[in-house]
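Please look through the model below with its sequence alongside. The explanation after it moves from a pair of strands to the helix that links them, and then to a single loop residue.

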Amino acid sequence: MPKDVRNPSSVAKPVAPYSNSVLTDAKETLYIAGQFPVDKDGRTVGGLDDFEAQAQACFDAIGEVLNDYGMGWPSVVKFNVFMTRREDRDKFTELRKKIFPAMFSDGQYPISTLIFIASLYHEDYLIEIDATAVR
């Protein structure tokens, strides 16, 4: 599925691994609900002291949903990220810098929105990520 990923010079350069815009000619769109930092049995991954493990668990769950539909990371065009602690922002940026080059080996990163909120479904959750993928 062809994607036209752009970061126009007329707008600010992305401050983390994401793109400003993605245009597709997709025939199918997959909307993945917000994934929490839990394993397949519903147990919380990491704790309040392990933000990176929680964030990785969210990405892992999204990857499993993509696989279930026969899709991979390059199909993802948008992430929405909800975090409860602003102090974890740099950790999240560093995690994306670490894992995105393998997930999006063509360097065409999806667009992304990061929102800080007061709380999530469970008080131990520090992050939730949803995604949109196309083919």
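The paragraphs that follow take these parts in turn, for a model that is predicted.

A useful starting place is the pairing of strand β4, residues 76-83, with strand β5, residues 111-116, which run in the parallel sense and are joined over six bridges. Within this pairing, V81 stands opposite L114 of β5. To pass from β4 to β5 the chain goes through helix α2, residues 89-103, and the resulting β-α-β crossover is right-handed.

Helix α2 itself consists of 15 residues and reaches 20 Å from its first C-alpha to its last, which is close to the 21 Å expected at 1.5 Å a residue. The helix nevertheless has a kink of about 30° at K97, shortly before the proline P101. Its buried residues are F92, T93, L95, R96, I99, F100 and M103, and what covers them includes α1, β4, β5 and β6, the last of these spanning residues 127-134. In an α-helix there are 3.6 residues a turn, so residues three or four places apart point the same way.

Elsewhere, T44 lies in the loop between β3, residues 29-35, and α1, residues 51-68. Is T44 buried or exposed? T44 is partly exposed, because its relative accessible area is 31%, a value that falls between the 20% limit for buried residues and the 50% limit for exposed ones. Leaving aside neighbours within four places in sequence, T44 is in contact with P37, V38, Q54, D124 and Y125. Of these partners, Y125 is 81 residues from T44 along the chain, while the C-alpha atoms of the two are separated by 7.7 Å.

Key
Residues are numbered from 1 along each chain as its sequence is written. This is a predicted model: local features need pLDDT of at least 70, side-chain atom pairs count only at pLDDT 80 or more; totals for chains, interfaces and linings use all residues. Side-chain values use heavy atoms; hydrogens and water are left out. Two strands pair if DSSP finds at least two bridges between them. Helices (H or I, at least four residues) and strands (E, at least two) are DSSP runs, numbered from the N terminus. A crossover is right-handed if, with the strands pointing away from the viewer, the path from the first strand over the helix to the second runs clockwise. Buried means under 20% relative accessible area, exposed over 50%, partly exposed in between (1.4 Å probe, protein chains only). Contact means heavy atoms within 4.5 Å. The expected span of a helix is 1.5 Å times one less than its number of residues. The bend at a residue is the angle between axes fitted to the seven residues ending there and the seven starting there.
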